[in-house]
Amino acid sequence: MYFLYPIVFTLEMEHLKRLDFPAVSICNFNRMKKFGLSSGTPLLLSEGSSSFYCNTANDSERDEIKESLQQYYEMDEERRWRNGHKPSRFMQKCLFRGRICPQNRLSNFQNLRYGNCITFNKRNEEMEALTVSDVGPNTGLILELKLESVTYHPSTKALGARVVIHHPNETPSPEDQGLNANPGNEISVSLRQSIMYRLPTPFRDHCVDCEMRHGSSVSNQKDCVRTCIQKENFAKCGCIDPTLNVMEYFILCDLTNTTQMCCLDDV
């Protein structure tokens, strides 16, 4: 005897007087100051495999880019932190509901693509959730950033900052989510909250709780996809793509190694 699980949509609209405020993460486009890496040329394409093409003639400019990226990936977190933009200089002003942001609401994290980043309102069990009840420029978060563009490394192709608005429990993913803030401009962002719940197996969506299935290091669907890609990379090439930072304790491929990069290109 089989059970039938029909598709059911339930739509509810609820008007609340107060809403939990989201987390906001910001990163400088430039991951490393120009004195932190050897000089190179602007990176015209995306990260990783896009800076390397199999079956093409050698390109001295692209080789310099690959060498610079390889230097960066070989650094430990402490050295990356020292050579990146300091959060205290990057964030010149932080106001929430007209008051200076408390330091315990600010935290830092590192990202391979964007370097040193800052998160406002990351969830902490010891603190109450921040809430808002009104809309307008004086009721939310106001940030003033200093890009330090004179110290940009030549491989950084644009000036600006990456802004990600996410749930306080989520790990931000600037590569996949967010918006770009250009220098010399004031940007205003207003949000409307929509929540969608999907049912797990045996319902037809077969949704998976990534955090429960893979552990705390993989907390969302995109990390699940990256983990799958990296496992395939390691199985076929004996190393993993250094631009996808979702797996530790695996050998990283060398961006200057033709054999390894061509192998990754075929995965």
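## A look around strand β6

The chain exposes about 18,000 Å², and 50% of that comes from carbon and sulfur atoms; areas here come from the Shrake-Rupley method with a 1.4 Å probe, and for residues only the protein chains shown count as cover. Keep in mind that this is a predicted model, where local features need pLDDT of at least 70, side-chain atom pairs count only at pLDDT 80 or more, and totals for chains, interfaces and linings use all residues. Numbering starts from 1 along each chain as its sequence is written, and side-chain values use heavy atoms, with hydrogens and water left out.

The chain has 6 helices and 10 strands, taken as DSSP runs (H or I of at least four residues for helices, E of at least two for strands) and numbered from the N terminus. Of its 267 residues, 36% are buried, meaning under 20% relative accessible area with a 1.4 Å probe, protein chains only (exposed is over 50%, partly exposed in between). Among contacts (heavy atoms within 4.5 Å) with a separation of 6 or more, 65% link residues 24 or more positions apart.

Now for the inside. A nonpolar core here is a set of buried Ala, Val, Leu, Ile, Met, Phe, Trp, Tyr and Cys residues joined through side-chain atoms within 4.5 Å. The largest one has 22 residues, and F21, I26, F90, F96 and F120 touch the most other members. Two or more residues each come from β2 (23-28), β3 (91-96), β6 (115-120) and β9 (161-166). Leaving aside residues up to four places away in sequence, F96 touches F21, C101, F120, L130, T131, V132, G140 and L141. Another core lies apart from it, with 13 residues that include Y73, L112, M261 and L264.

β6 deserves a closer look. All told, 6 of the 6 residues of β6 are buried, so the strand is largely enclosed by the rest of the structure. Here are its pairings with β2 and β5; two strands pair if DSSP finds at least two bridges between them.

| Strand pair | Bridges | Direction |
|---|---|---|
| β2 and β6 | 4 bridges | antiparallel |
| β5 (residues 106-111) and β6 | 6 bridges | antiparallel |

I118 takes part in both pairings: it is the β6 bridge partner of I26 and also of N108. A hairpin through 3 residues joins β5 to β6.

Next to I118 in the discussion comes T119, also in β6. T119 has a relative accessible area of 3%, so it counts as buried. Its C-alpha sits 6.5 Å from that of I26, although the two are 93 residues apart in sequence. Not counting residues up to four places away, T119 touches A23, V24, S25, R105, L106, S107, F109, H166 and P172. With S25 there is a side-chain to side-chain polar contact of 2.7 Å (a pair of N or O atoms within 3.5 Å; within protein, one must be able to donate a hydrogen and the other to accept it, and residues adjacent in sequence count only if both atoms are side-chain atoms).

Finally, helix α5 (residues 221-237). Its 17 residues should span 24 Å at 1.5 Å a residue, and the end C-alpha atoms are 24 Å apart, which agrees; the expected span is 1.5 Å times one less than the number of residues. The buried residues of α5 are D223, C224, R226, T227, Q230, N233 and C237. R226 counts as buried because its relative accessibility is 12%, and its side chain makes a polar contact with the side chain of S173 (3.3 Å). After α5 comes G238, whose phi is positive, near 80 degrees.
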